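Here is a short briefing on one protein chain. Look over the structure first, then read the points below.

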Amino acid sequence: MNYQIPSSNFLGKSFDAKKTYTVIGAGISGLLLGYQLKKAKVPFKIVEQNNFGGGILQSVQTDFGLVEKAANGFVWCKEIQAISDDLKLEILPPKSTSKARYIVKNKELRRIPLSFFDAMRLVRTFTKKQAGTFETLEDFGHYFLGEKLTAQVLEPAFQGIYGAPAAQLSFPGAMTQLANAFNEVNYLRPAFKKMRGNSTPFERKKRSAGTHGFKNGMGEFTQRLTEYLQKEIEWNVDGQTLMDEKEHLILTTPAYTSKHFFKNKEEKMFQNLDLVKYNSMISATLFFPKTAFEKFKEGFGCLIPQKEGLNILGVLFNSCIFNHRVKNENLISLTCLLRDDSVNKEWLGQDDSHVKSLIINDLNILFGVKQDPLEVVITKWANGIPLYSPTLYQSWFSMDKILKEQFPNRNLFGNYTGEISVRALAQSSHTLIRK
Ligand SMILES: Cc1cc2nc3c(=O)[nH]c(=O)nc-3n(C[C@H](O)[C@H](O)[C@H](O)COP(=O)(O)OP(=O)(O)OC[C@H]3O[C@@H](n4cnc5c(N)ncnc54)[C@H](O)[C@@H]3O)c2cc1C
């Protein structure tokens with residue numbers, strides 16, 4: 001049995017350099033597409049409803065340091081390096097204090113890999129032959145890792161990216177490259193080898209060096225892209241005013257907005273887009289004095305399995321990951337993510353005090369908090385991250401077909417069409433247009 005693999009995350013008719021496109025949205029997806037179109041000297045314009053670019057990627061300076069509202073960084077890739085070099089923007093490597101990564105077990109931070117026995121178990125997975133296909137990430141995890149390691153390691157790691165439990169995530173949707181490799185080989189080791197593909201040892205080293213960023217945060221990247229595209233972007237324009245069927249539109253807007261570009265509610269496109277669910281998420285950045293904790297450890301951050309019963313999904317130790325995240329070296333900056341199932345939808349409209357006390361309570365369990373934070377910045381995302389469910393994975397194929405057959409002048413490209421991360425969006429926009 002084979003997995004169906006999408007040919008690209010640009011849904012609809014293939015990119016045609018002879019067309020003049022209008023990109024709707026100047027979030028990171030629209031900006032990256034715009035950058036590649038401009039480099040390829042293909043005429044285009046971008047329309048954005050706001051008077052600023054970057055969409056949900058926003059960095060804010062506070063009295064104590066930098067706060068990222070969404071992505072804190074990106075996994076290094078040569079495409080972002082090339083854009084940064086071109087825009088004279090320096091990529092910020094991670095600090096050496098970010099090396100240790102932790103999983104919370106019995107309310108204590110434990111360094112990954114977990115234990116000798118857990119490591120042995122992981123080695124055993126390489127000798128196991130894959131049988132049939134896996135619908136969910138949990139199916140994959142249970143088969144190769146067993147229930148314990150799936151709950152302890154795989155699920156928290158993917159929740160940190162997709163904001164949803166393994167049982168709700170599509171295996172071929174969330175791990176498309178591995179599913180693709182399984183179409184040719186049956187064991188994990190050759191499958192991973194295939195996934196690494198043609199990348200050079202330098203690229204592999206850079207990637208494994210962890211998350212990279214920018215001195216002034218991800219907002220610096222979107223700001224430079226916005227400046228580079230200033231002649232092409234029209235601000236304060238609602239893309240829905242450009243509904244002429246002859247316009248070649250690339251919709252980089254979220255699914256719940258994109259559906260309105262297919263007016264008739266009976267339309268299959270409207271229905272498919274309407275089915276795309278988003279996880280509600282809360283991201284909170286807290287600044288503490290270094291002396292505020294009884295037992296803080298340096299590192300990248302910690303992942304928290306669901307069964308630990310905490311509200312937070314994971315903590316990023318920002319000031320250990322990057323320089324320039326705190327105003328002085330006596331401060332610590334932490335970003336906590338609250339998962340969908342612990343985000344009470346009522347909180348989204350309420351003031352932040354309740355959420356703040358829940359977070360501090362969890363941090364107290366983990367680190368022993370002796371002193372109140374100096375500052376807390378809470379960002380509530382009612383529609384944070386698209387749910388990479390089996391339904392979404394199936395819809396990529398149906399939407400691609402419907403667009404090709406019925407809407408040849410509409411394309412979809414965004415964080416719900418196959419790739420969620422900034423790195424992957426940079427890679428796919430490059431491949432799509434420059435290759
Ligand atoms: C809490 C959180 C943490 C994250 N962490 C990471 C991370 O560490 N690493 C990582 O790689 N990714 C991370 N992500 C994911 C990443 O940030 C997103 O996938 C990405 O920023 C989405 O960008 P986008 O351009 O597709 O969408 P958006 O940012 O939503 O942009 C869409 C744009 O379209 C515009 N628009 C909407 N409607 C219209 C209209 N009618 N007309 C004109 N314009 C319109 C909007 O104003 C917006 O500018 C995180 C996400 C969240 C929420």
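At what angle do helix H1 and helix H10 pack, and how far apart are their axes? In this predicted model, H1 (residues 28-39) and H10 (residues 218-228) pack at about 45 degrees. Their axes are 10 Å apart. An angle of about 45 degrees is neither under 35 nor within 65 to 115 degrees, so H1 counts as oblique to H10.

**The H1–H10 contact**
- The crossing of the two helices, H1 and H10, is left-handed.
- H1 contributes Ile-28, Leu-31 and Tyr-35 to the contact.
- H10 contributes Thr-222, Leu-225, Thr-226 and Tyr-228.
- By class, this contact of H1 with H10 holds 5 nonpolar and 2 polar residues, and no charged ones.

**Domains**
- The domain assignment splits the protein chain into domain 1 (21-56 + 76-91 + 215-276 + 387-434), domain 2 (126-208) and domain 3 (278-386).
- The centres of domain 2 and domain 3, taken over C-alpha atoms, are 27 Å apart.
- Between these two, 11 residues of domain 2 are in contact with 13 residues of domain 3.
- On the side of domain 2 that touches domain 3, 6 residues are nonpolar, 4 are polar and 1 is charged.

**Overall build**
- The protein chain has 16 helices and 17 strands.
- Its C-alpha atoms fill a box of roughly 65 × 55 × 45 Å along the principal axes.
- The radius of gyration of the protein chain is 22 Å. A compact globule of 435 residues would have a value near 22 Å, so the two agree.

Note on methods:
Residues numbered from 1 in each chain as written. Predicted model: local features only at pLDDT ≥ 70, side-chain atom pairs only at ≥ 80, totals over all residues. Axes fitted to C-alpha atoms, helices over the stretch in contact; angles between N-to-C directions. Helix = DSSP H or I, 4+ residues; strand = E, 2+ residues; numbered from the N terminus. Parallel < 35°, antiparallel > 145°, perpendicular 65-115°, else oblique. Left-handed = near helix turned anticlockwise from the far one by under 90°. Contact = placed C-beta atoms within 7 Å. Nonpolar A, V, L, I, M, F, W, Y, C, P; charged D, E, K, R; others polar. Domains from an automatic or database assignment. Rg over C-alpha atoms; globule rule 2.2 N^0.38 Å.
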